[in-house]
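Trainee: Hey, could you walk me through this one? I'd like to see how the pieces fit together.

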Amino acid sequence: MRRRSLLVAAVVVVVAAVIVVLAVRSRAPTPAVIRIGLNAELTGGIPVVGASCKNGAELAVEEVNAAGGLEVGGRKYRVELLVEDNEDKAESAAAAAHKLNTAGVLLMIGPNASRNAIPAAEVAESAKLPMISPWSTAVKTTIDAATGQPKKFVFRAAFIDDFQGVVAAKFALQELKTTRPAVLYDVASEYNKGIAEVYKKTIEAAGVSVVAFETYTTGDKDFSSQLTKIRAAGADSLFLPNYYSEVPLQVQQARRLGFTGVIFGSDSWGNLELITLCGKECEGLYFTTHYATDIATPKAQAFIKAYESKYGKTPDDVAALTYDSFGLAFQAIRAAGRVDRQAVRDALAGITQYEGVTGVMQFKGTGDPVKSAVIIQIKEGKFRYHSTAQP
Amino acid sequence: MGLAVQYLLNALQVGSVYALIALGYTMVYGILTMINFAHGDIFMVSTYIAFFVGVALLGSALHLGAVPVFLATMLAAVLGTATLAAVIERVAYKPLRQAPRVSAVITALGVGLFLENFTLATIGPEPRFLPPLVPVGRIVLGGVVISTVQAQTIVLSALVMLLLDTIVRRTMTGMAMRAVSWDKFTAPLMGVPVDRIITLTFALGASIAAVGGVLYGMAYTIDPYMGIRIGWWAFISAVVGGIGNIRGAMIGGYILGAVEIFTPILLPSTYRDFVAFSLLLVFLIFRPTGILGRPVAMKV
């Protein structure tokens, strides 16, 4: 009994202390700090994406702070990064967005995967919190599900899947000269599903029929049933618009089952982890993506150099797009003239052209940039530029 | 025809791994009537042991051949995992032997969470491939393609199961296990060291899972959370076969392998878990003792 009352007293004291601390903190005058939230996939199915995103973000913030901070309305602000892990889960991505919103960030960067970006975008839109997704390419991310109109507070640094699906289809038809194309995609993930559907539509519009259109669910590791079907359908090419963590398994299983056709994918492949996991089996394969390090512009070269000296590795597309998202955000915050979400949103919407490290982005009244895509071939364990596809 | 054989082979490969893991569930249930929900995560740890040992051996200056490397990796995974399971049993489950059964189950869930998050924190979330321990090749027979990994998995699993069946049925230790599962209170009167037998059962179950872990790791990627889904599927295998029954667990494993492979052929692939868990429900409602489980069936 005595121990219990002691325990109760202890709890009361702790709670009281927390309340006092919170009250004091909320009364403190606002320091000259701008907080930007990062909603990233640090754990879960695609942890390397989260790590690259965090690296790109930290580099961008470090650079702006080293230059004396952001100047907004004649006053200098230090930028502070608030990182939240969304565990690569839709519900956690929404929760992370809520948390960042409550923490009072001026703007949120991320999430990256569309399956996380879509729910987080819903939260951002209703909280009137400006959001930029670096890597989400699904059309739905920036579209309001209820009205079908573009969302007001959601922007992105990547091209959209309607474009990428078309690029992949044209590449398959014109360069790979496929006549019996097949697709295997994750039906439970927005990105994979969206791009697979556009690919199929474009291929069929050109009069070629897709001989196998097979699905799986996020986290599956055995694709032998689907791949056996694909092989039995006599496919000569296989499109895998899936994440880098799953593609090596799919390529390996396809080859072990005796599939000899060409295999290619989309920007979700663009991570060097793919080569680590896949080894020789991914040699010679192609994918569409945002930028290629071997044809970089001077601005991109500076970024690549800074990134390499800080982290000791080549920045992948997520790191580059995150860096560009911060570039866009900084430009908008400066242009807004005051630290206010609505003003930042209006300034973001007012940007018509931005030259980032992933190329020139043009905004035409929506949160979706128009930009070119590149096709990469994997050669000798490296991502090599193959060709460019214009919008 | 060729296609059907191909599907069947794929199902056998997946089913072998489920069966090997299901054996651990069923043996522990047989002896303690407890579901060791950490078993899937113990399986996960075995794949990581195999990963690190495999990488070290292949990278070492010893230049061992493929067969010694494979055997050494397997041995390290089996011993490491067995030790881990024995330690878990002594530290986490033994103090709760007299507590209500639900306490042990909750502790098992906790141990599972600990293993997942410990791996996540120390090794990291990136999925990994085991290095190719044995040269990967393909055998083509008619329209059927058999990879060496597939053949290895099917044959080795069958051998291990045969070995286990012999241990349980023909050795003194096996007899002691059966005695403890039969009557935990009378067995010590006959001179059976109950605590030691229980620890041994955990270790044996984990060893078999480790064999499955190495074989699984050679075919698929490994990650800290892999044990959750595979653990559940193996658990369903054990229930379908008749929990507590060793041969039942083997049969259940192959059935779940067939579910895994044939569901995406007949239905959309998203129905896999739905079919597997429906099977669990149907069995729990209409035949809770499973295919082979009878009230008087041999347990362990």
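**Domains, contacts and a sheet**

Mentor: Sure, and keep in mind that this is a predicted model. The domain assignment splits chain A into domain 1 (33-159 + 295-372) and domain 2 (162-289).

Trainee: How many Å separate the centres of domain 1 and domain 2 of chain A?

Mentor: The centres are 28 Å apart, going by C-alpha atoms. As for touching, 16 residues of domain 1 of chain A are in contact with 17 residues of domain 2 of chain A.

Trainee: Which elements give two or more residues to the domain 1 side of that contact?

Mentor: Those are helix H2 (47-66) and helix H4 (114-127) of chain A. H4(A) brings the largest share, three residues. Sorted by class, the domain 1 side has eight nonpolar, four polar and four charged residues.

Trainee: Let's stay with H2(A). Why call H2(A) largely enclosed?

Mentor: Because 15 of its 20 residues are buried, H2(A) is largely enclosed by the rest of the structure. The length of H2(A) checks out too: at 1.5 Å a residue, its 20 residues should span 28 Å, and its end C-alpha atoms are 28 Å apart, which agrees.

Trainee: What comes just after H2(A)?

Mentor: There you'll find A:Gly68, with a positive phi of about 100 degrees.

Trainee: New topic: how many residues does each chain put into the contact between chain A and chain B?

Mentor: Chain A puts in 26 residues and chain B 25 residues. On the chain A side, H2, strand S8 (212-216), helix H7 (224-232), helix H8 (247-256) and helix H9 (273-278) each supply at least two residues. H7(A) gives the largest share there, six residues. By class, the chain A side has 10 nonpolar, 11 polar and five charged residues.

Trainee: And the sheet with S8 in it, what's the strand order?

Mentor: In chain A the order is S8-S7-S9-S10-S11-S15-S16, an open sheet of seven strands with mixed pairing. S8 and strand S16 (382-389) of chain A are at the edges with a single partner strand each, so one side of each has no neighbour in the sheet. Neighbouring strands are turned by 25 degrees against each other on average, ignoring direction.

Trainee: In which sense do S11 and S15 of chain A pair?

Mentor: Strand S11 (residues 286-289) and strand S15 (residues 373-379) of chain A pair in the antiparallel sense, over four bridges. A:Tyr286 stands opposite A:Gln377 in S15(A).

Trainee: Which strands does H7(A) touch?

Mentor: H7(A) packs on the sheet, touching strand S7 (181-186), S8 and strand S9 (237-240) of chain A. The direction of H7(A) makes about 175 degrees with that of S8(A).

Key. Residues are numbered from 1 along each chain as its sequence is written. Chains are lettered from A and ligands numbered from 1 in the order in which they are written. This is a predicted model: local features need pLDDT of at least 70, side-chain atom pairs count only at pLDDT 80 or more; totals for chains, interfaces and linings use all residues. Domain bounds come from an automatic or database domain assignment. Two residues are in contact if their C-beta atoms, placed from the backbone, lie within 7 Å. Ala, Val, Leu, Ile, Met, Phe, Trp, Tyr, Cys and Pro count as nonpolar, Asp, Glu, Lys and Arg as charged, and the others, Gly among them, as polar. The expected span of a helix is 1.5 Å times one less than its number of residues. A residue is buried if 20 or more other C-beta atoms lie within 10 Å of its own, exposed if 12 or fewer, and partly exposed in between; C-beta atoms are placed from the backbone. Two strands pair if DSSP finds at least two bridges between them. Axes are lines fitted to C-alpha atoms, for helices over the stretch in contact, and angles run from 0 to 180 degrees between N-to-C directions.
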